[in-house]
Amino acid sequence: MSDDIIIELEQPDRLRRPGDVVRGSVHVRRGSGQTCRGLHVRRSWKTHGRGNRDTGNAQELTLHEGPIPADGPRAFPFEFEVPAGPSTYRGRLLNVDHYVEAWLDLPMALDAKTEVEFGVVPGEDPEPPPAGLLERSEKVGKVGVSGCGALVGIAMIFVGFALLPFGLILIAVAAVLIIPPVRRTLAEKKLGRITATLHPEVVAPGGLVAVRVAVDPDRDLSVNQIQAILRCREICVSGRGTDRTTHREEVSSFPLTLEGPSSLPMGQRTTFEGDFRLPDEAAHTFVSSNNNVVWDVEVHVDIPSWPDWRERLPLVVWPVGGALTEVGPGVVAGEPAPATTGPGAPVEVPAGPPVESAGPPSVAPSGPPVIPPVSAPPTPSPPTPPPTPPDSSPSASDSAPSVPRATPRRSAPAASPPRSSSGSPPRTPMPPPASSTPDEPAGLPADEPAGLPPDAPELAHHLQAILAEPRLGGRRNELIDELTGGEYDFVLVVERNERSFGVPADYRDGRTLRGTLDGTGIVVEVRFPPGRNDDLAELGPGDRVPVQARVIQWESLRSQPLMEA
Amino acid sequence: MTFVGHGAPRDAPYARLNLRRNPFGALEPDERGEVAVVDLEPWGSEIERRLRAPAPGLDRLSVQLVGPPGSGKSTHLAALARRFPSAGHIAWSHEEGWGMLPEGELLLVDDAHMMPRRLLKEALRRPVTVLATHRDLGVRLRGRGRQVRVVDVPGATRDSRVRAIVRRRLEWARRGDGAVPQVDRALLDRLIERHGHDLRRIVGTLYDHLEDLRETG
């Protein structure tokens with residue numbers, strides 16, 4: 001940092017959103033810059049902490065070319081547009097900050113440099129996550145050995161035996177490579193067909209994530225426990241060459257027991273479900289060359305006297321603020337209120353319209369000479385009262401009662417074939433609502449069915465029948481299975497119109513409409529392919545639009561169907 | 001810990017400590033050079049003389065910085081790069097391997113013990129090379145007709161230097177006037193006793209200490 005130049009930002013304490021403008025001036029000390037080749041300024045984000053520096057989104061301006069005359073202007077205004085991301089992040093191994101840097105380009109000498117930081121929070125209409133973020137996040141978060149590693153391990157064992165006794169070292173290394181895949185294979189042999197899924201895979205802070213584990217064992221099987229653990233980790237790489245070191249820090253860990261000791265009957269598909277609610281202040285997924293914040297859910301099936309089964313399911317936390325994250329009336333009943341405490345403190349975004357307007361980066365004309373306070377070093381920040389960071393240690397987080405909102409549920413063994421999101425099977429009339437039978441699992445109460453007008457569409461009657469059933473009732477599952485895949489015509493009264501995210505390729509960059517079936521209060525959500533964007537772009541709350549769409553899945557968290565047009 | 005915080009200066013995470021960032025985190029090469037506490041003499045001056053007035057009859061010069069990982073070899077190179085801005089710098093990269101040799105009369109080579117023979121041979125054609133290496137490459141260098149200077153990096157590290165490094169880093173990360181945190185002398189003595197002159201481990205431990213201080217006050 002040089003005393004020759006100082007950056008003064010307008011409203012330095014203000015948190016900015018993407019598209020806002022960060023504006024300020026670079027002040028050059030009198031007597032400095034007379035031999036410089038130019039004065040430059042750059043806006044970018046940079047990481048700092050345990051890992052090597054990553055940087056991005058740089059914009060650079062030349063404020064002055066050539067030497068700065070002694071009697072010329074001393075203040076050089078600039079302005080930049082705030083980029084779409086990443087948001088400012090504070091962690092233990094990793095921090096992401098946005099900076100404005102300025103430097104005097106001095107010939108045959110080290111440049112005189114200075115920098116100031118400013119905070120960036122998500123905008124009101126954030127962009128969807130970049131393509132491939134989920135995959136990159138999964139790759140970064142992967143721990144252990146691939147199948148390829150196991151093959152290498154087997155080869156090493158053969159070589160090790162040939163080189164005994166020195167080969168013992170090779171055999172030991174090979175064992176480390178081989179054991180994890182072998183354990184998994186053994187576990188899967190016992191468990192039969194097992195799948196673990198997350199929905200959605202992209203979620204906003206404060207949103208809900210459902211984890212579902214389906215087991216269909218080939219023989220009667222006992223398990224000690226089925227557990228899902230939602231985890232956030234910082235993973236940073238420091239050093240280069242032989243000094244390269246990877247640092248890992250578990251920022252938070254939320255275990256959720258999906259099932260305690262129990263027996264799983266042979267040949268019967270049993271499903272275990274539970275929900276996590278992310279903290280409102282959850283860190284966004286961040287993946288760069290050396291610094292990463294990754295989320296995942298690890299599913300762990302504990303089999304007595306047998307290797308356990310583990311699976312990591314990647315999750316992207318992104319400030320999408322979209323349909324999948326808003327908690328509607330369909331949220332699991334009995335759940336406590338949304339978390340207000342967690343491993344982080346929320347960013348207080350100042351209310352009211354932004355003071356600065358967005359605009360392209362530009363250099364404002366140099367104003368009259370300004371005498372900056374260059375005779376003293378930068379004004380020290382006034383001491384601030386120590387913040388009271390919430391305890392984020394894993395153990396403390398685990399015991400926190402409000403984070404996450406984890407509600408284990410066990411559904412009855414599926415009596416009907418698995419739901420499919422493809423094809424349009426012939427629709428069958430929906431049977432009238434039936435009350436739950438006494439032998440059904442003690443479930444959550446049914447959703448409140450809406451009263452339907454006589455001319456309500458067929459879909460409304462079907463949905464009403466489902467909503468009248470208890471949430472964990474087997475009958476409800478049957479009705480949902482019958483509904484899924486069917487095509488329906490209806491008029492949708494739009495409540496929200498937004499860009500789709502985390503969707504199949506055919507619907508990527510399309511729109512998602514959420515609204516009610518006309519004349520009813522029943523909520524549905526419909527994805528549209530991008531080819532319909534022109535028709536839909538202008539639709540807003542209250543608009544009515546005729547829709548023909550197929551039910552692709554039932555969103556149990558919100559008790560509503562997800563449909564594709 | 002705060003996940004998403006206030007990036008503005010007054011509320012920045014280290015502002016309460018009057019710091020811009022954790023000074024014991026990873027530094028970029030130019031920052032390393034800025035905070036380096038190293039003694040480049042007398043061989044630094046010898047390099048300077050060689051570069052200023054190349055003597056045709058004189059053997060080319062190689063300076064070896066020898067020491068185990070974490071002893072400060074790369075920091076010496078960073079300080080040299082700062083002193084000789086036109087020097088070329090090459091290091092093995094996890095992603096790209098060695099790559100091409102950079103331009104420059106003075107060539108700085110990190111992890112020279114890993115350098116392929118052919119590339120090292122090419123590097124030794126430069127008038128002056130400085131090699132950071134885990135093991136002494138003197139035999140190979142002299143065999144190629146080089147004058148060799150050997151710098152025992154950990155041997156040059158005194159306790160006082162470790163203390164100076166810590167002070168320099170804290171000053172480097174200073175946000176403004178006023179006090180910055182100080183590392184307790186007893187703690188530093190304990191770290192030196194435990195880690196010897198493995199500066200990387202000492203600095204890594206101090207990183208965690210400062211993070212604890214930031215979080216708990």
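# Why these labels? Questions on a predicted model

Visitor: Why is Asp208(B) called partly exposed?
Guide: Asp208(B) has a relative accessible area of 29%. Buried means under 20%, and exposed means over 50%. The value lies in between, so Asp208(B) is partly exposed. The model is predicted.

Visitor: What makes Arg92(A) and Asp208(B) a salt bridge?
Guide: The closest N and O atoms of Arg92(A) and Asp208(B) are 3.9 Å apart. The cut-off is 4 Å, so the pair counts.

Visitor: Why does this pair join two chains?
Guide: Arg92(A) lies in the loop between β6 (89-90) and β7 (94-105) of chain A. Asp208(B) lies in helix α8 (residues 199-216) of chain B, so the bridge joins two chains.

Visitor: Why does Arg92(A) count as buried?
Guide: Its relative accessibility is 10%. Buried means under 20%, so Arg92(A) qualifies.

Visitor: How do you know that Glu495(A) forms a salt bridge with Arg514(A)?
Guide: Their closest N and O atoms are 3.6 Å apart. The limit is 4 Å, so the pair passes. Glu495(A) sits in strand β21 (residues 487-499) and Arg514(A) in strand β22 (residues 511-517), both of chain A. They are 19 residues apart, and the pair links distant parts of the chain.

Visitor: Is Arg514(A) buried or exposed, and how do you know?
Guide: Arg514(A) has a relative accessible area of 8%. That is under 20%, so Arg514(A) is buried. Its partner Glu495(A) has 38% relative accessibility and counts as partly exposed.

Visitor: What makes Glu31(B) and Arg21(B) a salt bridge?
Guide: Their side chains meet at 3.4 Å, N to O. That is within 4 Å, so the label holds. Glu31(B) lies in helix α1 (residues 29-35) of chain B and Arg21(B) in the segment before α1, so the pair ties together parts ten residues apart in sequence. Both residues are buried. Both also belong to a network of salt bridges, whose other members include Arg42(A), Lys46(A) and Glu115(A). Over all chains, a search of the whole structure finds 44 salt bridges.

Visitor: Why is Ser137(A) called buried?
Guide: Ser137(A) has a relative accessible area of 2%. Buried means under 20%, so the label fits. Ser137(A) lies in helix α1 (residues 133-141) of chain A. Beyond four places away in sequence, it touches Thr285(A), Val287(A), Val294(A), Trp295(A) and Leu315(A).

Visitor: Why is Arg184(A) partly exposed?
Guide: Arg184(A) has a relative accessible area of 30%. That falls between 20% and 50%, so Arg184(A) is partly exposed. Its place is helix α3 (residues 167-191) of chain A. Arg184(A) touches Trp309(A), Arg310(A) and Glu311(A), leaving aside residues up to four places away in sequence. The C-alpha atoms of Arg184(A) and Arg310(A) are separated by 7.3 Å, though the two are 126 residues apart along the chain.

Visitor: What makes Arg60(B) eligible for a positive surface patch?
Guide: Arg60(B) has 37% relative accessibility and counts as partly exposed. A patch residue needs over 30%, so Arg60(B) clears that test. Arg counts as positive, so the charge fits. The other members are Arg117(B), Arg118(B), Lys121(B), Arg125(B) and Arg144(B). Arg60(B) is found in the loop between α2 (43-52) and β1 (61-66) of chain B.

Conventions: Residues are numbered from 1 along each chain as its sequence is written. Chains are lettered from A and ligands numbered from 1 in the order in which they are written. This is a predicted model: local features need pLDDT of at least 70, side-chain atom pairs count only at pLDDT 80 or more; totals for chains, interfaces and linings use all residues. Side-chain values use heavy atoms; hydrogens and water are left out. Patches are made of residues with over 30% relative accessible area and no salt bridge: like charges are joined within 9 Å, nonpolar side chains (Val, Leu, Ile, Met, Phe, Trp, Tyr) within 5 Å. Accessible areas come from the Shrake-Rupley method with a 1.4 Å probe; for residues, only the protein chains shown count as cover. The place of a charge is taken as NZ of Lys, CZ of Arg, CG of Asp or CD of Glu. Helices (H or I, at least four residues) and strands (E, at least two) are DSSP runs, numbered from the N terminus. Buried means under 20% relative accessible area, exposed over 50%, partly exposed in between (1.4 Å probe, protein chains only). Contact means heavy atoms within 4.5 Å.
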